[in-house]
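Work through the exercises below with the structure in view. Each task is followed by a stepwise solution.

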Amino acid sequence: MKNWSIIVAIGNNNEIGKDNDLLWRISADLKRFKTITTGNTIVMGRKTFESLPKGALPNRRNIVLSKQNLEYENTEVYSTVEQVVEATKDDKDVFVIGGASVYELFISKVNKMYLTQVNEDFDADVFFPEFDWSEWSVLEKDYVDKGEKNQFAHTFYILNRI
Ligand SMILES: NC(=O)c1ccc[n+]([C@@H]2O[C@H](COP(=O)([O-])OP(=O)(O)OC[C@H]3O[C@@H](n4cnc5c(N)ncnc54)[C@H](OP(=O)(O)O)[C@@H]3O)[C@@H](O)[C@H]2O)c1
């Protein structure tokens, strides 16, 4: 798989969500997510899709994984990883955007991660899979202190699989 990336924001304990929602709203992170994914293909689990307030994200090819026979507007639904790989074989960049179960399915396959580390402990019910930082080289690291628009300090990483 070429140009497959994960994009995720994690807390201190790899936490990513609770009650099918995010744990924080960090405007700089939402902006970064939009900039990186716009014009590209995004792959997500059915629960993450259903957590989106307005359905499919605009200006992106939206792909959802589900075992159910579902139809959503402006969205393709596939029931296996193999189907997603086949359907995206001509796409330049594909971003796996969550949630936990879909990160689990793809983490061994992606070669890049856009990871936001939020410097806080959160009460959560879903977690990013454990991964070994020593298998990843840091291409970019950008620390952002907390401020008026950002409730939590965080670090934007771009990681490349070694
Ligand atoms: N912090 C972040 O960066 C971030 C990013 C995204 C999401 N999240 C959070 O993560 C949470 C959702 O994660 P989640 O793990 O509960 O759900 P999810 O991964 O979004 O969706 C799970 C669903 O995906 C489908 N699925 C999973 N594996 C599949 C497979 N092998 N084949 C076919 N379909 C498959 C199933 O749908 P069916 O049940 O329909 O078969 C499953 O119920 C929410 O709290 C969300 O806010 C956080």
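**Exercise 1.** Find which element gives the most to the shell around the ligand.

Solution. Step 1: α4 gives the most, with five residues; helices (H or I, at least four residues) and strands (E, at least two) are DSSP runs numbered from the N terminus. Step 2: β1, β2, α2, β6 and α4 each supply at least two residues of this shell. Step 3: 26 residues surround the ligand, the closest being Thr48, Ser66, Lys67, Gln68 and Ser101; a residue counts if one of its heavy atoms lies within 4 Å.

The model is predicted: local features need pLDDT of at least 70, side-chain atom pairs count only at pLDDT 80 or more, and totals for chains, interfaces and linings use all residues. Residues are numbered from 1 along each chain as its sequence is written, and side-chain values use heavy atoms, with hydrogens and water left out.

**Exercise 2.** List backbone contacts of the ligand's oxygen atoms, including those of Leu22, Lys47 and Gly99.

Solution. Step 1: a polar contact is a pair of N or O atoms within 3.5 Å; within protein, one must be able to donate a hydrogen and the other to accept it, and residues adjacent in sequence count only if both atoms are side-chain atoms. Step 2: a polar backbone atom of Gly99 is 3.1 Å from a ligand oxygen. Step 3: for a backbone N or O atom of Lys47 the distance is 3.2 Å, and for a polar backbone atom of Leu22 it is 3.4 Å. Step 4: the protein buries 85% of the 930 Å² that the ligand exposes when taken alone (Shrake-Rupley method, 1.4 Å probe).
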